[in-house]
Amino acid sequence: METEIIYAEDDYSNEAINRAVALLEDGEIVALPTETVYGLGANALDADAVAKVFAAKERPSFDPLIIHLGSREQIHEVCDLSPELDKVVQQLMQEFWPGALTMVLPKKDVIPDIVTSGMPTVAVRMSGHPVMKEICKVFGKPIAAPSANRFGRISPTSASAVMKELGGKIPLIIDGGACNDGLESTIIRVEVGEKRPQLHLLRAGPVVKEQLQKIGKVIRKKKPRDVSEAPGQLESHYAPAVPLYIFEKPEDFRPDEGKTYGLLSYRGQAKDGYMDLHDWEVVEELSPGKGKLAEASVRLFHVLRLLDESGVDAIVAETVSETGLGVAINDRLRRASVTIH
Ligand code: TXA
Ligand code: MG
């Protein structure tokens with residue numbers, strides 16, 4: 001199959017939107033831009049279309065998908081909310097939608113089991129990317145879209161990265177430019193709670209704990225109790241093809257004779273401990289100079305790809321401060337690494 005890329009111009013009534021919607025209506029899959037990462041979309045109400053997403057990604061069927069809505073009101077078509085839960089959800093939608101927050105909520109029967117891997121809950125979000133927003137609105141039905149990468153690999157933050165992951169396996173990629181956030185959405189399971197809403201953090205992301213605390217108590221387990229709580233949150237994820245190492249201290253790094261190493265540095269500064277430690281084949285910086293976590297998030301998956309393609313034998317990564325967006329960045333780095341600390 002030949003994969004076509006169409007650029008979505010700034011007026012959104014263009015060919016790109018129409019082509020994407022026509023494919024979705026035909027039960028086909030198409031790669032779509034969002035503010036977090038590119039998604040591989042299908043009609044969420046059509047089990048056969050969703051099956052094509054699993055096949056193209058080589059994704060195991062136990063890993064459920066996120067569905068994307070065109071409006072806040074649409075949530076009632078897909079989720080079964082008690083009045084109490086609806087109140088909390090309305091507050092969360094008001095504050096964070098459209099945007100990078102995914103909520104796991106009780107599902108309605110219209111959502112086929114294949115989308116949720118048979119679970120009684122469904123993960124929903126409304127994207128703020130103008131092209132994705134328009135496609136969801138024009139299509140009118142929820143769009144199931146996991147990240148547009150092969151299973152277990154680095155999420156794509158540009159149309160060219162999607163092409164590298166899925167070229168030849170899908171008919172169309174809508175190019176909406178580079179992703180603004182660069183990390184997958186924050187995922188929470190929402191419960192009413194006795195005093196305050198309980199927001200169970202299943203995946204750290206662009207919407208950070210400090211923001212969520214305005215609405216409810218944020219509960220984060222170190223590791224999910226069992227896989228059914230956060231299926232798909234496998235430790236080995238976002239993995240480059242070459243091994244990536246994280247060390248407690250720079251001095252713990254012991255290079256093998258004759259092997260080449262690439263450094264993923266936060267700021268590119270010697271005082272962080274790695275720059276002068278070794279004769280690096282390649283150095284890529286997440287946020288050159290001062291170090292800004294927002295810039296580091298946007299660049300993380302792109303830079304991981306650059307290092308992966310640079311031909312080095314292994315990658316060494318510096319972690320960033322464990323605050324705000326740093327929590328999600330470190331989470332992705334640890335999942336990408338061969339040794340988890
Ligand atoms: O930013 C994003 O969320 C991107 C864009 C395309 O929207 N999507 C994305 O999807 O990252 P994906 O499939 O790569 O990750 C979705 C994760 C799954 O791995 C799973 O852990 C979780 O969402 N998930 C989906 N449904 C769930 C459910 N009912 N309960 C718990 N977790 C769920
Ligand atoms: Mg993914």
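**A walk through the predicted protein chain**

Leu264 stands opposite Glu284 in strand 14, and this pairing is a convenient place to enter a model that is predicted. Helices and strands are here DSSP runs (H or I of at least four residues for helices, E of at least two for strands), numbered from the N terminus. Strand 13, residues 261–265, pairs with strand 14 in the parallel sense over four bridges, where pairing requires that DSSP finds at least two bridges between the strands. Along strand 14, which covers residues 282–285, the side chains alternate: Val282 and Glu284 point to one face and are buried, whereas Val283 and Glu285 point to the other face and are not. Buried stands for under 20% relative accessible area, exposed for over 50%, and partly exposed for what lies in between, with a 1.4 Å probe and protein chains only.

As to conventions, residues are numbered from 1 along each chain as its sequence is written, and chains are lettered from A and ligands numbered from 1 in the order in which they are written. In this predicted model local features need pLDDT of at least 70 and side-chain atom pairs count only at pLDDT 80 or more, while totals for chains, interfaces and linings use all residues; side-chain values use heavy atoms, with hydrogens and water left out.

Seen as a whole, the protein chain comprises 10 helices and 15 strands. Its radius of gyration is 20 Å, close to the 20 Å that the globule rule gives for 341 residues, so the chain is as compact as a globular protein of that length; the radius is taken over C-alpha atoms, and the rule is 2.2 Å times the number of residues to the power 0.38. The C-alpha trace spans about 60 × 55 × 35 Å along its principal axes. Of the 341 residues, 55% are buried, and among contacts (heavy atoms within 4.5 Å) between residues at least 6 apart in sequence, 66% join residues at least 24 apart.

Helix 10, residues 326–336, is mostly covered, with 10 of its 11 residues buried. Among these buried residues are Asn330, Asp331, Arg332 and Arg335, as well as Val327, Ile329 and Leu333. The buried residues of helix 10 pack against strand 10 (198–203), strand 12 (244–245), strand 13, helix 9 (293–309) and strand 15 (314–317).

Between helix 9 and strand 15 runs a loop that holds Asp313, a residue that is partly exposed at a relative accessible area of 35%. Leaving aside residues up to four places away in sequence, Asp313 touches Val242, Pro243, Gly258, Lys259 and Thr260. The C-alpha atoms of Asp313 and Glu281 are separated by 9.7 Å, with the two positions 32 residues apart along the chain.

The backbone deserves a separate look. Most residues other than glycine have a negative phi, and most peptide bonds are trans. Trp97 and Pro98, however, are joined by a cis peptide bond with omega of about -5°, and Pro98 is found in the loop between helix 4 (83–96) and strand 5 (101–106). Glu58, in the loop between helix 2 (47–57) and strand 4 (66–68), has a positive phi near 55°. Ser117, which is not a glycine either, has a positive phi of about 55°; Ser117 lies in the loop between helix 5 (113–116) and strand 6 (121–125) and is partly exposed, with a relative accessible area of 25%.
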